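The following paragraphs guide a new reader through a single protein chain. Please keep the sequence and the structure in view while reading.

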Amino acid sequence: MPAIPLLFFKIANLTVGSLALLASISQLSYIFTNFAAFLLAIYGILFSIPIIYLEFKVPQNLHRFASNYFSFLGRGITYILISFLINFGGILKILVVLLTFLLGTVYIILQFLPQVEEPENFRGEGSALTVDSEYDDVI
């Protein structure tokens with residue numbers, strides 16, 4: 001199985017993060033007609049912003065508090081959650097929801113494939129989060 005280039009993950013994360021953020025912002029217009037959709041849009045924004053931000057900079061100690069952004073399984077579940085949060089609207093938002101859901105499913109599948117190496121921004125401060133990592137310190 002050929003290796004997946006790390007640029008694929010960066011483009012996929014930036015695409016899904018920015019499209020989910022735009023869909024969430026457009027969903028804020030439901031404040032007077034569907035208040036529940038408005039509240040879900042706020043959560044969609046709160047989950048989408050870190051996806052974009054983590055592609056450029058990984059804050060120290062974030063992997064302790066938001067470890068779901070640092071594994072394929074966690075990020076896949078987060079993408080599926082975001083797709084459920086932003087599912088109000090027209091055909092373009094439905095396409096964004098489908099893209100987000102499908103990429104979340106692909107990330108969950110990638111978690112269980114040992115041939116796929118995790119991207120740089122999935123690693124904590126200089127070490128990988130996987131169990132079989134060569135960077136583990138044994139005391």
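S24 has its place in helix α1. In this predicted model, S24 is buried, with a relative accessible area of 0%. Apart from neighbours within four places in sequence, S24 is in contact with A41, G44, I45, S48 and I86. Several of these partners return below in the account of helix α2, where A41, G44, I45 and S48 are among the buried residues.

Another residue of helix α1 is S26. In contrast to the buried S24, S26 is partly exposed, with a relative accessible area of 36%. Along the sequence, S26 and F88 are 62 residues apart, while their C-alpha atoms are 9.8 Å apart in space.

With these two residues located, the overall plan can be set out. The protein contains five helices and zero strands, and its pattern along the sequence reads α-α-α-α-α. Of its 139 residues, 36% count as buried. If one takes the contacts between residues at least 6 apart in sequence, 67% of them join residues at least 24 apart.

The next element to consider is helix α2, which spans residues 35-53. Its 19 residues reach 28 Å from the first C-alpha to the last, close to the 27 Å expected at 1.5 Å a residue. Which residues of α2 are buried? They are A37, F38, A41, G44, I45, S48 and I51. Seen down the axis of α2, these buried residues fall within an arc of 130 degrees, so they line one face of the helix. A general property of the α-helix is relevant here: with 3.6 residues a turn, residues three or four places apart point the same way. The buried residues of α2 pack against α1, which covers residues 6-27, and against α4. The contacts of S24 with A41, G44, I45 and S48 give a view of this packing from a residue of α1.

A residue of α2 that is not buried is L39, placed in this helix and partly exposed, with a relative accessible area of 37%. L39 and L28 are 11 residues apart along the chain, and their C-alpha atoms are separated by 8.0 Å.

The packing of α2 with α4 can be described further. Helix α4 comprises residues 72-85, and the two helices pack at an angle of about 150 degrees, with their axes 9 Å apart. The crossing of α2 and α4 is left-handed. On the α2 side, the residues that meet α4 are L40, Y43, G44, F47, S48 and I51; on the α4 side, the residues are T78, Y79, L81, I82 and L85. The residues of this contact divide into eight nonpolar, three polar and no charged. G44, S48 and I51 of α2, which take part in the contact, are also among the buried residues of that helix.

Between α2 and α3, the latter being residues 62-65, lies a loop that holds N61. The phi angle of N61 is near 65 degrees, a positive value in a residue other than glycine. N61 is partly exposed, with a relative accessible area of 28%.

Helix α4 also contains R75. Is R75 buried or exposed? R75 is buried: the relative accessible area of this residue is 0%, whereas residues count as buried at any value under 20%. Leaving aside neighbours within four places in sequence, R75 is in contact with N13, L54, E55, N68, Y69, Y107, N121 and F122. One of these partners, Y107, belongs to the buried residues of helix α5.

Helix α5, residues 91-111, has 21 residues and reaches 30 Å from its first C-alpha to its last, close to the 30 Å expected at 1.5 Å a residue. The buried residues of α5 are K93, V96, V97, T100, L103, G104, Y107 and L110. They cover an arc of only 150 degrees around the axis, which puts them on the same side of α5. On the other side of this helix, I91 and L102 are exposed. The buried residues of α5 pack against α1 and α4. In summary, α1 and α4 are packed against by the buried residues of α2, and likewise by those of α5.

Notes. Residues numbered from 1 in each chain as written. Predicted model: local features only at pLDDT ≥ 70, side-chain atom pairs only at ≥ 80, totals over all residues. Heavy atoms only, no water. Axes fitted to C-alpha atoms, helices over the stretch in contact; angles between N-to-C directions. Helix = DSSP H or I, 4+ residues; strand = E, 2+ residues; numbered from the N terminus. Left-handed = near helix turned anticlockwise from the far one by under 90°. Contact = heavy atoms within 4.5 Å. Nonpolar A, V, L, I, M, F, W, Y, C, P; charged D, E, K, R; others polar. Buried < 20%, exposed > 50% of the residue type's maximum accessible area, 1.4 Å probe, protein only. Expected span 1.5 Å × (residues − 1). Arc of directions from axis to C-beta.
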